[in-house]
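I am opening a notebook on a structure that is new to me. I will look things up one by one and write down what I find.

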Amino acid sequence: LAYESNAPVNWCPALGAVLANEEVIDGKSERGGHPVEKRAMRQWVLKITAYADRLVDDLEGLDWPESIKEMQRNWVGKSEGATVSFRVAEAPVSGGSFNVFTTRPDTLFGVTFCVLAPEHPLLATITTAAQKSAVESYVSVAKNRSEIDRTAKDKEKTGVFTGAHALNPVTGKPIPIWVADYVMMTYGEGAIMAVPGHDARDHAFAKKFGLPILQVLDGGDAPIEEAAHEGDGKLIHSDFLNGLDKTQAIIRVTAWLEEKKLGKKTITYKLRDWLFSRQRYWGEPIPVAHDGKGNVIPLEPKDLPVRLPEVQDFKPAPTGESPLAKADAWLDVTINGKALRRETNTMPQWAGSCWYYLRYIDPRNDESIFDKKLENYWMPVDLYVGGAEHAVLHLLYSRFWHKVLFDLGIVSTSEPFQKLFNQGMILAFAYETATGAKVASDLVEEKDGKYFHIETGEELRQIVAKMSKSLKNVVNPDDVVAKFGADALRLYEMFMGPLDDTKPWAENGVKGVFGFLNRAARFFGTPENIVDEADDKETLKLLHQTISKVAFDIENMKFNTGISALMIFNNLAMKKGKVSKETAQIFAKILAPYAPHLAEELWQMYGNTETLAYALWPEVDQAMLTEDVFEYPVSFNGKVRFKLEMPVGTPVAEVEKAVLSHETSIKWLEGKTPKKVIVVPNKIVNVVI
Ligand code: ANZ
């Protein structure tokens, strides 16, 4: 599952360093703007592609947001289609042919040219003498463009004719072979059959270079010269496929290709193997050594862990290797009598994030990864709360590692995280001028709800933006704690709105919950308010409704509405002016998940000596949740005319009697006897006149 490969890295000669992709902007280093080139370097790669199918299929059983599942499916990018072989017409070498991958073999009769990726090895042999210099200069430019840039849909297409032709396998006719950078060497076969009639990219390319456009499926919104028809339709101009629809034609032509040995059904993935080494000092050392004869020797458990050496200089080696390549004393080791050189690549930070949750199970175990019994008890993680930015990196990588550990029999579940919840991002207010220029928050003052620039006096607009150092609008939790306390910080975060909403931090909101905490502390913390007598019915009913609501909302991650229930109960208690000690203790318990400090303090004030954290959650008296009266809507011939309250459980005959003797009924009946009175217990009454 791990192999060595000469993979390209971003090498910056001026900095003498290998850069991460995000440190390269438009082919230049982010720091200093020096040129960056691709350079092949020995690397370690993990074979995540071996798990592609399972990474897609097993999403089915997970309780994750559908959007994240869809992002993972797209990232793995499973595509069903066919590989088709094209012979080169005037091949200078014997048996010259190349394969293409297509999801649309049904369009084979519409192929009017082929395109090879600039990195395609066949270019060297098929390009004609006349086209050689044009192709070579095109290829040298294209190789330095980024993949994102090359595949962007609306980018102007570029390319060069190779001078060579291929034979369309179904028609036998020659078609030109081009080279263009919208074809990627790393996907499918690194070559395509171009169908400008039915593929927008090929259409744009054909238009630009005056190549023929053929329609082979009927339909489409515009003439085929104007736009590709990418939808379904009946096959036309396609010999033995004529009259079939797309799906039927794909099956028919694939069988035909297989029979003629010109192609076969193929499944392709966008997912690539995972480049898992970095040329940096920091990072877990890769526990292998090299014998200098091309053999890689895995270290034995007794030689682990490999510790990083003390070094003075963290600059990369002149070869672009990690600084470890300069730590001579560390580099050379003798293991089992053999002189070896340690691996100098280190692991990326994913090495830790892929399995950290497994160590939480048994963090102090230094004998093994964990005690098997504990793993059995705790895994999988029941609920993982995290940001959506991890969708296709951490959350895919750790699923892969977990599956490898599962296959090795180390963990007992094939998936690590059963339920995933994406919390919303907390934004902050920011300020801008009328022309949209951003102003740092320390240059803003508020006057009567309006905002002004301290220096220029200009009126500013308040907007919502990400927290950022440059806007100086980052909220530091330590400051909030110092001003309002940790309970208020915690309560506000949960009270801001639905947990998965993106929303701005507002200090006024913190003040609001701080006020609630103060009111609750004053009322429940005043001994005279806590009395030795039973609560009235209204208080008890609301208390049990509140316990039930808070519990339900915790289970359903709707913390904000649970908190408002607590506020409503606090208001009632203050209105009554007193509560029983039992009720006060229950209030402390259900407040505790949100405001543990205040709750604990009240709890101890009520004479408890053990911490509230060990107290059981209060039980709900179900009888308190049911209403004891029901308000019947009473209709006459289907129209609701009044409402009538009756004790729950009143017999139907008595409800009927009460309805008919009601003064409003007498008015609507106008002295007549009703034809029928329908009473549906605890629902409705309808009087038919
Ligand atoms: C002919 C064709 C006709 C295509 C048509 C599409 C529509 P997905 O769905 O993303 O897998 N393709 C194949 N290899 C490529 C490469 N290395 N670089 C760039 N493009 C490549 O896309 C598969 C389709 O993308 C393939 O099907 C091929 O174009 C193109 F009406 O072949 B098709």
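**Entry 1: the cores**

Which residues touch the most other members of the largest nonpolar core? I looked at a predicted model, so every entry here describes a prediction. The largest nonpolar core has 51 residues, and F86, F98 and L108 touch the most other members.

I took F86 and listed its contacts, leaving aside neighbours within four places in sequence. F98 and L108 are both on the list. The others are S97, V100, V111, C114, A166, L167, N168, P169, I175 and M193. Apart from this core lies another, of 43 residues. I noted F421, V513, F523 and F569 among its members.

I also wrote down a general point: in soluble globular proteins, nonpolar side chains tend to be buried together.

**Entry 2: the ligand**

How many residues surround the ligand? I found 18, and the closest are S79, T102, M184, Y187 and K270. By class, the shell has eight nonpolar, six polar and four charged residues.

Next I looked up polar atoms by the ligand's oxygens. The side chain of Y187 has an N or O atom 2.5 Å from an oxygen atom of the ligand. For T103 it is a polar backbone atom, at 3.0 Å from a ligand oxygen. R201 brings a polar side-chain atom to 3.3 Å from an oxygen atom of the ligand.

How much of the ligand's accessible area does the protein cover? On its own the ligand has 640 Å², and the protein covers 87% of that. I then asked which elements give two or more residues to the shell. They are β7 (97-102) and β11 (191-194).

**Entry 3: E415 and K403**

Is E415 buried or exposed? Its relative accessible area is 8%, so E415 counts as buried, the cut-off being under 20%. E415 lies in the loop between α12 (394-407) and β19 (417-422).

I checked what its side chain meets. A polar contact of 2.8 Å joins the side chains of E415 and R399. Beyond four places in sequence, E415 is in contact with D58, L62, P380, R399, H402 and K403.

K403 was my next stop. It is found in helix α12. K403 has a relative accessible area of 0%, so it is buried. With residues up to four places away left out, K403 touches Y51, R54, L55, D58, S414 and E415. D58 is thus a contact of E415, and also one of K403.

**Entry 4: H544**

Where does H544 lie? I found it in helix α16 (residues 537-555). H544 counts as buried, because its relative accessibility is 10%.

Leaving aside neighbours within four places in sequence, I listed E619, V620, D621, M624 and L625 as contacts of H544. The H544 side chain reaches the backbone nitrogen of D621 at 2.9 Å. I also looked up the pair H544 and A595. They are 51 residues apart in sequence and 19 Å apart in space, C-alpha to C-alpha.

**Entry 5: helix α19**

Which residues of α19 (residues 596-605) are buried? I noted L598, A599, E600, L602 and W603. A general rule helps me read such a list: an α-helix has 3.6 residues a turn, so residues three or four places apart point the same way.

What do the buried residues of α19 pack against? I found α14 (486-495), α15 (507-524) and α18 (581-591). Just after α19, G607 takes a positive phi of about 95°.

**Entry 6: backbone oddments**

I looked up cis peptide bonds. The bond from L304 to P305 is cis, with omega near -5°. P305 has its place in the loop between β15 (296-298) and α8 (328-331). The bond from M379 to P380 is cis as well, with omega near -5°. P380 is found in the loop between α11 (372-378) and β18 (381-386). I had already met P380 as a contact of E415.

Then I turned to positive phi at residues that are not glycine. N637 has a phi of about 50°, and it lies in the loop between β28 (629-636) and β29 (639-647). E670 has a positive phi of about 45°. It sits in the loop between α22 (663-669) and β30 (676-680).

Is E670 buried or exposed? E670 is exposed, with a relative accessible area of 61%.

Methods: Residues are numbered from 1 along each chain as its sequence is written. This is a predicted model: local features need pLDDT of at least 70, side-chain atom pairs count only at pLDDT 80 or more; totals for chains, interfaces and linings use all residues. Side-chain values use heavy atoms; hydrogens and water are left out. A nonpolar core is a set of buried Ala, Val, Leu, Ile, Met, Phe, Trp, Tyr and Cys residues joined through side-chain atoms within 4.5 Å. Buried means under 20% relative accessible area, exposed over 50%, partly exposed in between (1.4 Å probe, protein chains only). Contact means heavy atoms within 4.5 Å. A residue is near a molecule or strand if one of its heavy atoms lies within 4 Å of it. A polar contact is a pair of N or O atoms within 3.5 Å; within protein, one must be able to donate a hydrogen and the other to accept it, and residues adjacent in sequence count only if both atoms are side-chain atoms. Accessible areas come from the Shrake-Rupley method with a 1.4 Å probe; for residues, only the protein chains shown count as cover. Helices (H or I, at least four residues) and strands (E, at least two) are DSSP runs, numbered from the N terminus. Ala, Val, Leu, Ile, Met, Phe, Trp, Tyr, Cys and Pro count as nonpolar, Asp, Glu, Lys and Arg as charged, and the others, Gly among them, as polar.
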